[in-house]
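Trainee: I should like to request a close look at a single part of this structure, followed by an account of its surroundings. Please keep to what can be read from the model.

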Amino acid sequence: MDPTILSRILTAETLAFHIIWATIGVGVPVFISLAEAWGIYKKDPHYILMARRWTRGFVITVAVGVVTGTSIGLMLSLLWPRFMQLAGNVISLPLFLETFAFFFEAIFLGIYLYTWDRFKKPVIHWLTSIPIIIGSSLSAVFITTVNAFMNTPAGFRLENGELTDIRPLEAMFNPATPSKVAHVLSSSYVTCAFLLGGIAAYFLLKGRNLEYHKKALKMTMVAGLVLAVATAVAGDLSGKFLAKHVPEKLAAAEWHFETRREAPLILGGYLDENNEVRGAVKIPWALSILGKGSPDGEIIGLNEFPEEERPPLYLHYLFDGMVLIGTYLILISALFLYAWWRKKNPWNRWLLRGIVWGAPLSFLAIELGWMYAEVGRQPWIIRGVMRVEDAATTADHVGLLLMVFSLLYVALAVIAVSVLIRLFRHKGPEKEMEERRIIL
Amino acid sequence: MEMELIAITILWTFLYGYLIVASIDFGAGFFSYYSMLTGKEHTINQVINRYLSPVWEVTNVFLVFFFVGIVGFFPDTAYYYGTALLLPGGVALLLLSIRGSFYAFANYGARKSRTYMFLYGMTGLFIPASLSTVLTISEGGFIREVEGDVVFLPWNLLTSSYSWAVVFLALVSVLFISAAFLTYYAHKAEDGPAFEVLRQYALFWSGPTILASVWVFMALSRHNMTHFQNMLDIAWAFLLSLACFLGAVYLIWWRKGLGWAFILVMLQFAFAFFGYGSSHLPYLLYPYITIQSGLTHSDMGWALILSFIAGFLLLVPSLFLLMRLFLFSARYVRGK
């Protein structure tokens, strides 16, 4: 096979694998810190234990996140040398800053892990969790600006195929940056809220009717609802951004061919051979509202773009899936909080099951969202500047590398998950509580 | 100083930092596994783990910093090295991934596993070997440019005696640096038995280290005469390196001043590494990229240098805190 295709597959596979761990890496520290702070404030050992147990699992996921992150970092140069040669002049600043953020996080993670009992005041230990959050969230911010640059390049002039007149900050704060950063951060946090909430709900379903799990679930679901709504708002901003700056991506996702006002939003359905939409639910005006904020807004159609510059049309399903899951997360967490608030039974088995499902679904939404963002940029690697096939390596052996790394990712996934399960299976919180001589 | 010199000095210093911390880490992994095989596990593992646990993640960042930095300051390197290093780079990445994740599996997982320890220990030996190929390739002769495309000549690399000399040097220096540090660390922990074992390792690996250095010199004189001549011009640096080495071995042999012994080991490698680096200039990749030709646009260069200074101001106190809490805390080192 052609090295370009193989390089695309390997990059896609590495990123798809990495973002699972990276999302955990960005979101979970927030909840660890939250639990510890709440535990110290309320003098409630349950929450402290929660922070400890989450941290223990977190270390394993961080390790996988770090190694896959290193892989994708180096693969950028190995698989896309022409891209890095050209774009390196414009995007090195955020890449460089990202390593600083990562460095900062790594140092304080080491400190946090090994100082649980070393300080007289617990607040000091809690304080060391703050740099971890800052580091992990900032690395997400910086790396997202690089991706944003690839979507809406800015901060340079193109002269005879070379970039001149470089303005590093303008490249970093390009038009895509604000909405992308907001959406990436909020969706990472919400995913981790559902990951941790899902685990608590799972144990409650298993009949471990413990205060510990109930507290964990309440805490994560309160955060979950807030964050899920914030993610939806950030998604709405992204829609408006796309309509203005990258209309072909939005149009491809919504099968919107003719430029028009009062454009409808399409859910589900399929395209027949004449590119007519069949069997879809149409919500009138909704696309115009999403894109322009008014039912009267004009949305640019796909026909305005030459055929070889259009992204593939299956984007529609990725977009639908992401939005659907996002809506589900808002509903299920709202339902839980409503039941809790109105003193109905929030521990209803169906409700708990719904929350358990929220965990894998939110990860699926992350994957779908990234696929939508990345495939929607095709055929460009830097939109309007460089096409993907001009950026790929000319070296042989990409196929070999693809095979080896596929095996590695499968092995890492299987082993990491089994290590995590083994870590917690034999030692429930009740047992650990006894060992630590915490009497309730 | 011109920007390209500032840039390469920053990057080279970070690579030197990586050389030291990664060597300690790689060697420790190997010794840890080796001691498991020879039944000395309980003697030295405690010392090793107490050092590694809080810092293993930091080690990795030095490397990431270097490769992100070099592509940032010198984007042309991404093109030439990126194309040429697909295989060796892929192998190094694979090994780094195995090593990093299995460290966590072995040490934070529910139980110790021999397989995990094996993977962790052995990859530590192959990573320096695969990474050192980058230095070999930088001497030229392993890449050719044909009609604008970069072609890598793996056969030349595999059959070059220079390339093997470098690999050998990388391997033995890792073990020597690591043993020298752990000897000092065990001494500080007042762990007598571990100290004796590690001291033996350090003395054992000192011989091959110096032999390998001589071999690299000789092989380079045949591979890249220009570079070899440049090295002779600053022969004093390499002689100083040798003097530091002799001093370190002397101190370890007589069991005194072990902190100084390790500092001498660091100076030994500092003189050799910076001597090698400065005589390599102006080439980043002989003869295709020089530090002038490969430099990024000046606005980006200054932005990078500024961000480096800002980042540095953040990192130094944090690293200092990390060392205060773990490496140089007598209470922590002794396991209290």
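In which helix of chain B does S178(B) lie?

Mentor: The model is a predicted one. S178(B) lies in helix α7 of chain B, which covers residues 161–188. With a relative accessible area of 0%, S178(B) is buried, because the term applies under 20%. When its neighbours within four places in sequence are set aside, S178(B) is in contact with S23(B), I24(B), G27(B), A28(B) and F31(B).

Helix α1 of chain B (residues 3–37) also holds D25(B). This residue forms a salt bridge with R99(B), and the closest N and O atoms are 2.0 Å apart. R99(B) belongs to helix α4 of chain B, so the salt bridge ties together parts that are 74 residues apart in sequence. Both ends of the bridge are withdrawn from the surface by the accessibility criterion: D25(B) is buried at 6% relative accessibility, and R99(B) is buried at 5%.

T13(B) is another residue of helix α1 of chain B. Its setting can be contrasted with that of S178(B): T13(B) is partly exposed, at 38% relative accessibility, whereas S178(B) is buried. The C-alpha atom of T13(B) is separated by 9.2 Å from that of A270(B), although the two residues are 257 residues apart along the chain.

From here the view may be widened to the boundary between the chains. Chain B contributes 66 residues to the contact, and chain A contributes 65 residues. The size of an interface is often expressed as the accessible area lost when the parts come together. For chain B and chain A the buried area is about 5900 Å², with carbon and sulfur atoms giving 77% of it. On the side of chain B that touches chain A, at least two residues each are supplied by α2 (41–73), α3 (75–84), α4 (86–108), β2 (149–152) and α12 (298–327) of chain B. The rule finds zero salt bridges across this interface, but five residue pairs in polar contact, with both residues at pLDDT 80 or more. Aromatic rings of the two chains are also joined: ring pairs link F96(A), F100(A) and F103(A) with F14(B), F62(B), F65(B), F73(B), F74(B), F308(B) and F312(B) in a cluster.

Aromatic pairs number 42 over all chains. One of them is formed by F104(A) and F108(A), whose centres are 5.3 Å apart and whose planes meet at 70°, an edge-to-face arrangement. These two residues are four apart in helix α3 (residues 81–114) of chain A, so about one helical turn separates them. F104(A) is buried at 12% relative accessible area, and F108(A) is buried at 9%. W255(A) and Y317(A) make a further edge-to-face pair, with ring centres 5.5 Å apart and planes at 80°. This pair links distant parts of the chain, 62 residues apart: W255(A) is in the loop between α9 (247–253) and β3 (265–267) of chain A, and Y317(A) is in helix α11 (residues 315–341) of chain A. The two partners differ in accessibility, W255(A) being buried at 4% and Y317(A) partly exposed at 41%.

Charged side chains also meet rings. R353(A) lies over the face of W350(A), at 4.6 Å from the ring centre. In chain B, the charged end of R199(B) sits over the ring of W253(B), 6.0 Å from its centre.

The salt bridge of D25(B) and R99(B) may finally be set beside others in the structure, which holds seven over all chains. K215(A) forms a salt bridge with D44(A), in which the closest N and O atoms are 2.7 Å apart. This pair too links distant parts of its chain, 171 residues apart: K215(A) lies in helix α8 (residues 211–245) of chain A, and D44(A) in the loop between α1 (3–42) and α2 (45–79) of chain A. Both K215(A) and D44(A) are buried. E170(A) and R167(A) form a salt bridge with their closest N and O atoms 2.8 Å apart. E170(A) is partly exposed, at 38% relative accessible area, and R167(A) is partly exposed, at 29%.

How values were computed: Residues numbered from 1 in each chain as written. Chains lettered and ligands numbered in written order. Heavy atoms only, no water. Phe/Tyr/Trp six-rings, centres within 6.5 Å; stacked < 30°, edge-to-face > 60°. Buried < 20%, exposed > 50% of the residue type's maximum accessible area, 1.4 Å probe, protein only. Lys NZ or Arg CZ within 6 Å of the ring centre and 35° of its normal. Contact = heavy atoms within 4.5 Å. Buried area = accessible area lost by both parts, 1.4 Å probe. Salt bridge = Lys/Arg side-chain N within 4 Å of Asp/Glu carboxyl O. Polar contact = N/O pair within 3.5 Å; in protein donor to acceptor, adjacent residues only side chain to side chain.
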